[in-house]
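Please open the model in your viewer and keep the sequence panel beside it, since this tour moves from one selection to the next. At each stop, make the selection first and then read what is there.

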Amino acid sequence: SDPIHVVGGGLAGSEAAWQIAQSGLPVVLHEMRPVRATEAHQTDGLAELVCSNSFRSDDADLNAVGLLHQEMRRLGSLVMRAGDAHQVPAGGALAVDREGFSRAVTAALEAHPLVRIVREEVEGLPPEEWGSVVVATGPLTAPGLAEAIRGLTGAESLAFFDAIAPIVHRDSIDMGTAWFQSRYDKAGPGGTGADYINCPLDREQYVAFIAALVAGEKTSFKQWEASTPYFDGCLPIEVMAERGPETLRHGPMKPFGLTNPHNPTVKAYAIVQLRQDNALGTLYNMVGFQTKLTYGEQVRIFRTIPGLEKAEFARLGGLHRNTYLDSPRLLDATLRLRAAPRLRFAGQITGCEGYVESAAVGLMAGRFAAAERLGHTLAPLPPTTALGALIGHITGGHLSAEDEGAPRSFQPMNVNFGLFPPLERAPKAPDGRRLRGPEKAQAKKRALTDRARGDLAAWLGEP
Ligand code: FAD
């Protein structure tokens with residue numbers, strides 16, 4: 001039969017292509033790298049991780065993204081398989097060796113007999129004769145295609161902006177000042193409880209650091225950027241610093257759950273954490289340090305952090321574009337563009353946020369496209385599952401009739417328990433006691449993830 005076309009070999013497109021091929025249908029995957037580069041990708045590998053190397057929490061009982069990992073594994077996700085195979089230690093998180101991970105995804109797709117990979121830019125709308133297409137071109141969708149989509153959707157704007165964090169060579173960090181420890185000594189998959197490198201600042205150093213961030217020279221704003229909003233999960237540190245002197249100390253620089261072995265009696269006022277970035281453990285990224293300071297300023301200011309005085313940077317932070325649709329209004333329940341149903345969207349361009357979420361939406365887009373071609377009807381995903389909650393958020397499962405004409409307020413979003421339908425009954429302690437505080441919050445999360453597992457099993461037709 002005719003192949004299904006997937007445009008974009010990132011997290012979403014790679015997963016979509018895999019799911020289509022695994023359902024027995026031929027697929028052509030169009031990836032523009034290395035013919036044309038993006039502002040952030042550095043390799044020609046499929047599923048390249050452009051910034052952090054973390055898939056975040058792997059806790060399927062208490063964390064929504066951990067639950068999403070588990071659901072994706074159950075649906076045969078290639079991204080999760082490659083991620084699991086290329087794990088590096090990261091406390092309770094699933095972090096991966098970015099090169100090994102991308103190589104594994106690329107190799108699996110190249111080896112699949114039903115997958116053909118074409119290295120070319122799709123410069124405008126995919127040709128009609130391609131029939132069913134999954135568009136998964138991501139936050140950095142090439143301008144020609146982005147413009148064509150904008151023309152088709154009539155959207156005012158498709159883009160806003162975002163920033164990435166620097167990476168440091170491990171052997172340039174002074175371990176006489178810094179130390180290894182995970183917050184509260186938490187050990188995750190493959191971890192030891194001492195996975196992060198911590199750099200302590202006293203009060204005076206912190207105050208000077210904040211002042212330097214605020215005064216530091218920033219990369220200039222292009223015109224379109226001035227009106228493009230940030231979203232809170234990825235604020236540049238200098239923007240956080242501008243919000244108030246204590247903001248960073250309560251965010252990425254919080255000092256809690258860590259004890260400096262070089263100086264155990266004195267509590268640090270603030271701490272900068274670095275997380276292992278590659279399997280060899282030679283590179284560490286600065287956690288939460290996305291920034292739009294100029295390169296020169298980053299080197300100067302970050303070297304004032306104790307332990308990083310001689311830091312050598314493998315990559316500095318920077319600004320980037322983010323392209324996404326107003327999906328709740330533009331897409332139907334199976335991710336097809338209402339205005340042109342032969343086009344289905346997946347990944348960050350649908351307004352999910354994050355590597356895992358992008359791959360998850362790719363997984364479902366691939367399954368929807370394959371079911372449609374095979375003439376099957378896929379029962380709607382239960383909204384109580386992480387996958388269902390995420391797709392519901394994107395396709396407007398949450399929109400009521402009154403919302404239809406309302407102004408745009410759709411924001412890219414990580415998967416979180418707020419997207420799940422509430423529990424029918426508050427969970428109780430085994431002895432019937434009413435739960436309170438953190439105990440209650442934990443019990444709720446457990447109840448939500450238990451419900452999700454049951455509903456996913458039922459959806460999969462498992463006994
Ligand atoms: P991508 O992975 O970007 O894949 C899209 C692919 O489409 C690319 O390979 C691109 O080359 C290709 N392409 C684009 N246009 C065309 C075209 N016209 N024809 C053919 N091919 C095309 N998420 C996190 O979880 N953690 C982070 O730390 C993080 N940092 C980010 C930093 C930056 C700079 C950016 C841009 C995003 C970041 N994200 C992060 C968000 C997001 O999760 C990732 O961008 C993720 O890779 C999105 O997956 P995707 O498949 O939608 O897009």
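## Around the ligand

Sorted by class, the shell around the ligand consists of 15 nonpolar, 15 polar and five charged residues. Keep in mind throughout that you are looking at a predicted model. Select the ligand together with its surroundings, and you will find 35 residues around it, the closest being A12, E31, R33, Q348 and G354.

Now look at individual atoms of the ligand, beginning with a nitrogen atom, which lies 3.2 Å from a polar backbone atom of M32. An oxygen atom of the ligand is found 3.0 Å from a polar backbone atom of S52, and at S358 a polar side-chain atom is 3.4 Å from an oxygen atom of the ligand. How much of the ligand does the protein bury? Taken alone, the ligand exposes 970 Å², and the protein buries 96% of that. To see which elements give two or more residues to this shell, colour α1 (11–22), β2 (27–31) and α11 (355–374).

## A sheet of three strands

Next, select the open sheet whose three strands follow the order β3-β5-β4, with antiparallel pairing. Its edge strands are β3 (54–57) and β4 (87–88), because each of them pairs on one side only. As background, the strands of a sheet pair through backbone hydrogen bonds, either parallel or antiparallel. Zoom in on β3 and strand β5 (residues 93–96), which run antiparallel and are joined by two bridges; one place to look is S54, whose bridge partner in β5 is A95.

## Strand β13 and its partners

Move on to strand β13 (residues 283–286), where L283 and N285 point one way while Y284 and M286 point the other way, and all of them are buried. In general, the side chains of a regular strand alternate between the two faces of the sheet.

Add β9 to the selection, and you can follow its antiparallel pairing with β13 over three bridges, in which V168 has Y284 as its bridge partner. Then add strand β12 (residues 270–276), which also pairs with β13 in the antiparallel sense over three bridges, and here Q276 has Y284 as its bridge partner in β13. The hairpin of β12 and β13 has six residues between the strands, and within this hairpin G281 takes a positive phi near 75°.

## One residue in detail: N285

Stay in strand β13 and select N285. Is N285 buried or exposed? N285 counts as buried because its relative accessible area is 4%, and the cut-off for buried is under 20%. Display side chains here, and you will see that the side chain of N285 makes a polar contact with the side chain of N53 at 3.1 Å. Leaving aside neighbours within four places in sequence, N285 is in contact with N53, P166, I167, Q273, L274, R275, Q276 and D277.

## A last stop at G176

Finally, select G176, which sits in the loop between β9 (167–169) and β10 (179–180). G176 counts as exposed because its relative accessible area is 53%, and the cut-off for exposed is over 50%. If you add L29 and draw a distance from C-alpha to C-alpha, G176 and L29 are 49 Å apart in space, and they are 147 residues apart in sequence.

Note on methods:
Residues numbered from 1 in each chain as written. Predicted model: local features only at pLDDT ≥ 70, side-chain atom pairs only at ≥ 80, totals over all residues. Heavy atoms only, no water. Near = heavy atom within 4 Å. Polar contact = N/O pair within 3.5 Å; in protein donor to acceptor, adjacent residues only side chain to side chain. Areas by Shrake-Rupley, 256 points an atom, 1.4 Å probe, with all protein chains shown as cover. Helix = DSSP H or I, 4+ residues; strand = E, 2+ residues; numbered from the N terminus. Nonpolar A, V, L, I, M, F, W, Y, C, P; charged D, E, K, R; others polar. Buried < 20%, exposed > 50% of the residue type's maximum accessible area, 1.4 Å probe, protein only. Contact = heavy atoms within 4.5 Å.
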